[in-house]
Amino acid sequence: MNDTRTAPYEVAIAGRGPARLADSRMGPPPGPSGPAPVAAMTRISKKEREQAMPQAGREEQLRRYWDKHARSYDKQMGFFDRHLFAGGRDWICSRATGHVLEVAIGTGLNLAHYPVGVQLTGVEWSPAMLDIARHRAGQLGRAVDLRQGDAQALDFPDATFDTVVCTFSLCAIPDDRKAVAEMARVLRPGGLLLLADHVAASPWPARAAQALIELISVPAQGEHFRRRPIRHVQAAGFTIEDHDRFKLGIVEQLAARKP
Ligand SMILES: C[S@@+](CC[C@H](N)C(=O)[O-])C[C@H]1O[C@@H](n2cnc3c(N)ncnc32)[C@H](O)[C@@H]1O
């Protein structure tokens with residue numbers, strides 16, 4: 001943990017009140033020179049630290065995670081593309097038409113799968129992932145408007161796009177409900193929403209295993225295994241036109257029409 005990250009924790013936890021800071025399990029109370037020493041902070045459980053961390057600090061931490069892992073991403077994802085998501089990118093991208101927004105585009109692994117003729121815009125919050133996407137677009141000779149941005153607050157007017165795509169990212173976006181609401185907002189009425197992701201498994205033992213994995217993956221990298229974005233899509237009043245769920249229900253892809 002570096003200095004810039006300890007500061008927000010200290011402020012947030014101090015804000016929970018002096019009684020808490022005086023708790024003997026947490027070491028000495030704050031000295032006259034300021035907040036509790038970092039050594040005392042380490043006695044606070046990881047869960048408590050997560051809860052206390054201001055949202056912006058947590059999101060910055062996650063963005064840095066993706067920056068750090070950008071160079072190894074394609075290799076890692078290649079394994080899952082071959083063995084788990086097989087054919088998923090074609091299933092999604094072949095349905096895209098017109099002005100297409102890809103949300104959380106990552107390194108641009110979908111770029112090669114879009115039909116020629118669609119006009120592509122991509123949003124991604126990690127500059128390092130975005131750099132690789134730019135390089136890939138150049139190599140493929142594809143004109144893509146690539147922008148840094150947050151899936152939870154898209155910087156586009158309502159009803160801008162004919163198609164919105166998001167693959168294997170709603171598991172990683174902090175607030176998946178907000179992200180789906182934003183995708184719905186920027187999609188024109190009658191437009192198509194295309195999603196693919198790993199989701200909660202169908203059999204309960206597999207879901208239990210996913211819950212165990214999340215104990216590590218959520219705090220470490222913001223990766224969720226038991227989400228079901230389809231529920232947000234249905235709640236938004238979309239019509240599910242095409243739907244596929246396989247590999248014990250762990251992989252789900254859908255095409256949904258905005259009313
Ligand atoms: C598992 S990768 C998937 C990348 C790509 N969509 C694909 O299919 O390979 C998840 C991506 O979501 C991005 N991401 C997570 N939260 C985001 C947010 N709030 N706004 C934009 N991008 C986000 C990460 O930076 C990362 O590039």
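Let me start at the ligand. Nineteen residues surround the ligand. The closest are Trp-66, Ala-104, Gly-106, Trp-125 and Ala-151. By class, this shell divides into eleven nonpolar, six polar and two charged residues. Keep in mind that we are looking at a predicted model.

Now the chain as a whole. The protein chain has ten helices and seven strands. Its length is 259 residues, and 32% of them count as buried. Take the contacts between residues at least 6 apart in sequence: 65% of those join residues at least 24 apart.

Next, the sheet. What is the order of the seven strands? Reading across, we have S3-S2-S1-S4-S5-S7-S6. The sheet is open, and the pairing is mixed. Strand S3, residues 144-148, stands at one edge, and strand S6, residues 239-246, at the other. Each has a single partner strand, so one side of each is left without a neighbour in the sheet. From one strand to the next, the twist averages 15 degrees.

Look at S1 in that order. Strand S1 covers residues 99-103 and pairs with strand S2, residues 119-124. The sense is parallel, over five bridges. Leu-101 stands opposite Thr-121 of S2. Glu-102 has Gly-122 in S2 as its bridge partner. Then there is strand S4, residues 161-167. S4 also runs parallel to S1, and three bridges join the two. Here Val-100 stands opposite Thr-163. Is S1 mostly covered or mostly exposed? Mostly covered: four of its five residues are buried.

Follow the chain out of S1. Ala-104, one of the closest residues to the ligand, lies in the loop between S1 and S2. Its phi is near 55 degrees, which is positive in a residue other than glycine. Most residues other than glycine have a negative phi. Ala-104 is also buried, because 23 other C-beta atoms lie within 10 Å and the cut-off is 20 or more.

A second residue goes alongside. Ala-159 is found in the loop between S3 and S4. Phi of Ala-159 is near 55 degrees, again a positive value outside glycine. What about its surroundings? Ala-159 has 14 C-beta neighbours inside 10 Å, so this residue counts as partly exposed.

On to the helices. Helix H7, residues 127-140, lies across S2 and S3. H7 runs at about 170 degrees to S3. H7 also meets helix H5, residues 55-83. The two axes come within 7 Å and cross at roughly 30 degrees. Which residues meet there? From H5, Trp-66, Asp-67, Ala-70 and Tyr-73. From H7, Pro-127, Ala-128, Met-129 and Ile-132. By class, this contact has seven nonpolar residues, one charged and no polar. Note Trp-66 here: this H5 residue is also among the closest to the ligand.

Now the core. The largest nonpolar core has 52 residues. Which of them have the most contacts inside it? Val-103, Val-164, Cys-166, Met-183, Leu-193 and Leu-194. Strand S5, residues 187-198, gives the largest share of this core, with six residues.

Leu-193 is worth a closer look. Set aside its neighbours within four places in sequence. Leu-193 is then in contact with Val-164, Met-183, Leu-187, Val-233, Phe-238, Ala-256 and Lys-258. Two of those names, Val-164 and Met-183, were also on the core list.

One last residue: Glu-182. Glu-182 sits in helix H8, residues 176-186. Is Glu-182 buried or exposed? Glu-182 counts as buried, because 22 C-beta neighbours lie inside 10 Å. Leaving aside neighbours within four places in sequence, its contacts are Ala-151, Gln-152, Ala-153 and Leu-154. Take the pair Glu-182 and Ala-151. They are 31 residues apart in sequence, yet their C-alpha atoms are 7.3 Å apart in space. And Ala-151 brings us back to the start, as one of the closest residues to the ligand.

Notes. Residues are numbered from 1 along each chain as its sequence is written. This is a predicted model: local features need pLDDT of at least 70, side-chain atom pairs count only at pLDDT 80 or more; totals for chains, interfaces and linings use all residues. Two strands pair if DSSP finds at least two bridges between them. Axes are lines fitted to C-alpha atoms, for helices over the stretch in contact, and angles run from 0 to 180 degrees between N-to-C directions. Two residues are in contact if their C-beta atoms, placed from the backbone, lie within 7 Å. A nonpolar core is a set of buried Ala, Val, Leu, Ile, Met, Phe, Trp, Tyr and Cys residues joined through C-beta atoms within 7 Å. A residue is buried if 20 or more other C-beta atoms lie within 10 Å of its own, exposed if 12 or fewer, and partly exposed in between; C-beta atoms are placed from the backbone. A residue is near a molecule or strand if its C-beta atom, placed from the backbone, lies within 6 Å of it. Ala, Val, Leu, Ile, Met, Phe, Trp, Tyr, Cys and Pro count as nonpolar, Asp, Glu, Lys and Arg as charged, and the others, Gly among them, as polar.
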